[in-house]
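Please open the model in your viewer and keep the sequence panel visible. The tour proceeds by selections, each followed by a short account of what is there.

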Amino acid sequence: YSTDLLEQGSVLLSVPGDYWALRRQYFAKVVMLIVDHDDQGTVGVVLNRPTELTAADVDLSDSELFTDSLFQFLGLTQGLKDWKVWFGGDCEGLECAGRSPRHFCLHTMERFAGNSNRVINGVYIMSFRQAKLLVVTGQAKKEDFMLVVGYTGWSRGQLQDELNRGDAWILGAADGALLLGDDSAEDGAPLQGRLERLNRREDSSGGLGDGVNAWWRLYETFRPNELKKVDREEEAHNSQMIRRWVDAYLRPREMLRSMSLHLVEAGSILRGSATHWRLGRPEGSWPSRNKDPWMVPGQYLHKAVLVLLSDCTPRDPAALVLLNGPCIGHTAEGHEVFFGGPGTGAEARCVVPLPRGAVLGRFSLPPGVLHELLGNKAIEEAEHARMAQLMEMPRPERWLGAGGKLETLKEVKVSLEGDRQQRKWYKEYLGIPVDE
């Protein structure tokens with residue numbers, strides 16, 4: 001049921017709509033359990049984002065038993081490395097580099113309640129070290145546990161403020177059977193089996209679970225009167241963005257991050273990829289809690305045509321103007337004024353005059369980011385393009401004029417998804433509709 005009382009054991013659902021589908025897709029249609037709430041802050045754990053990763057793919061050395069080497073020597077390897085990992089949140093989780101992420105196990109076994117921390121009736125938290133010991137000694141199976149890596153954290157009063165705004169979260173309460181599956185069912189499936197059923201892909205493709213059905217199940221319970229207001233077509237697109245994120249981040253893969261090192265000269269024309277910007281950031285780059293160039297998501301760079309305002313090496317910030325942004329107003333003479341970028345302060349007041357109209361605004365990327373994007377081909381140099389010639393073309397044709405092209409049907413499909421995400425971005429951040 002829906003409730004206004006935030007406490008340990010509360011259930012948090014993300015709101016439907018574009019808010020999370022544009023920004024951080026791992027929170028789109030998310031189901032979260034509040035495992036700790038006190039005067040210092042709040043901790044939540046995502047319940048509906050399975051991964052294809054195992055403990056062997058993640059540095060969980062903090063939970064190594066001193067007997068692990070002995071178990072391996074004796075051939076007792078069950079439960080040591082092949083544990084399935086679940087994405088628990090964006091704090092100290094899978095994005096950690098160079099250190100072990102926070103991790104722990106959820107379970108529903110009453111017989112181990114004495115050496116666990118109770119969250120709600122029938123749902124407990126136990127250390128991974130303790131869970132491994134139970135498995136290797138035959139007291140439990142690894143399928144009885146949900147190994148969670150990462151969490152979501154809020155400082156004192158922060159989550160309550162977000163709930164009061166009403167644009168991000170829905171608060172409710174549910175029992176363990178509704179959240180994690182009923183362990184009294186006739187088939188007696190362990191926790192992992194129940195979770196896999198709950199989180200199967202909505203599109204029935206058989207791929208890695210996306211958790212969308214688990215969210216709908218709870219949303220229908222918490223907000224039955226609002227179901228008719230939900231735009232199912234828009235939500236189908238938003239669900240597809242969740243699957244794109246899941247496929248990009250929750251499968252084992254080596255993230256190869258190359259960097260171009262050459263000088264990019266002022267006046268260079270650059271071209272945004274048609275396939276890299278659906279999620280608002282280049283795939284493979286996790287959000288940073290420190291300085292993240294994509295705090296404003298980057299769907300505006302989808303099929304972008306850009307001009308670099310000053311020479312740029314990997315040690316320099318990159319000052320850029322978008323040359324094919326939408327019309328955001330008109331001059332006193334009636335000429336169009338186009339969006340030049342999401343910069344603030346002096347950047348927002350930057351004006352690039354055109355023969356008929358102007359481009360208003362620019363933006364900057366921190367040192368090294370432009371060269372990473374060039375290395376990853378999220379942005380490419382349009383070597384033969386000239387700004388004067390491009391600006392004579394109709395706005396929708398400038399990307400093609402800068403050498404942009406789609407070579408396969410798959411690229412066309414991905415590009416269309418990016419087009420839709422970009423229209424959502426312009427509506428969200430500029431408050432303007434953009435024609436298809």
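The stops below cover a buried charged residue, a helix and two loop residues.

This is a predicted model, in which local features need pLDDT of at least 70, side-chain atom pairs count only at pLDDT 80 or more, and totals for chains, interfaces and linings use all residues. Residues are numbered from 1 along each chain as its sequence is written, and side-chain values use heavy atoms, with hydrogens and water left out.

Select Arg49 to begin. Arg49 lies in the loop between strand 3 (41-46) and strand 4 (50-54); strands (E, at least two residues) and helices (H or I, at least four) are DSSP runs, numbered from the N terminus. Arg49 is buried, that is, under 20% relative accessible area with a 1.4 Å probe, protein chains only. Arg49 has no salt bridge (a side-chain nitrogen of Lys or Arg within 4 Å of a carboxyl oxygen of Asp or Glu). Asp210, the nearest side chain of opposite charge, is 6.2 Å away. The side chain of Arg49 does reach the backbone oxygen of Ala28, at 2.3 Å.

Next, select helix 3 (residues 128-136). Its buried residues include Phe128, Ala131 and Leu134. After helix 3 comes Gly138, with a positive phi near 80°.

Now select Glu92, in the loop between strand 5 (84-87) and strand 6 (103-107). Its phi is positive, near 50°. Most residues other than glycine have a negative phi. Glu92 counts as partly exposed because its relative accessibility is 25% (partly exposed runs between the buried limit and exposed, over 50%).

Finally, select Lys303, in the loop between strand 12 (269-272) and strand 13 (305-308). Phi of Lys303 is also positive, near 55°.

Note on methods
Lys and Arg count as positive and Asp and Glu as negative; His and the chain ends are not counted. A polar contact is a pair of N or O atoms within 3.5 Å; within protein, one must be able to donate a hydrogen and the other to accept it, and residues adjacent in sequence count only if both atoms are side-chain atoms.
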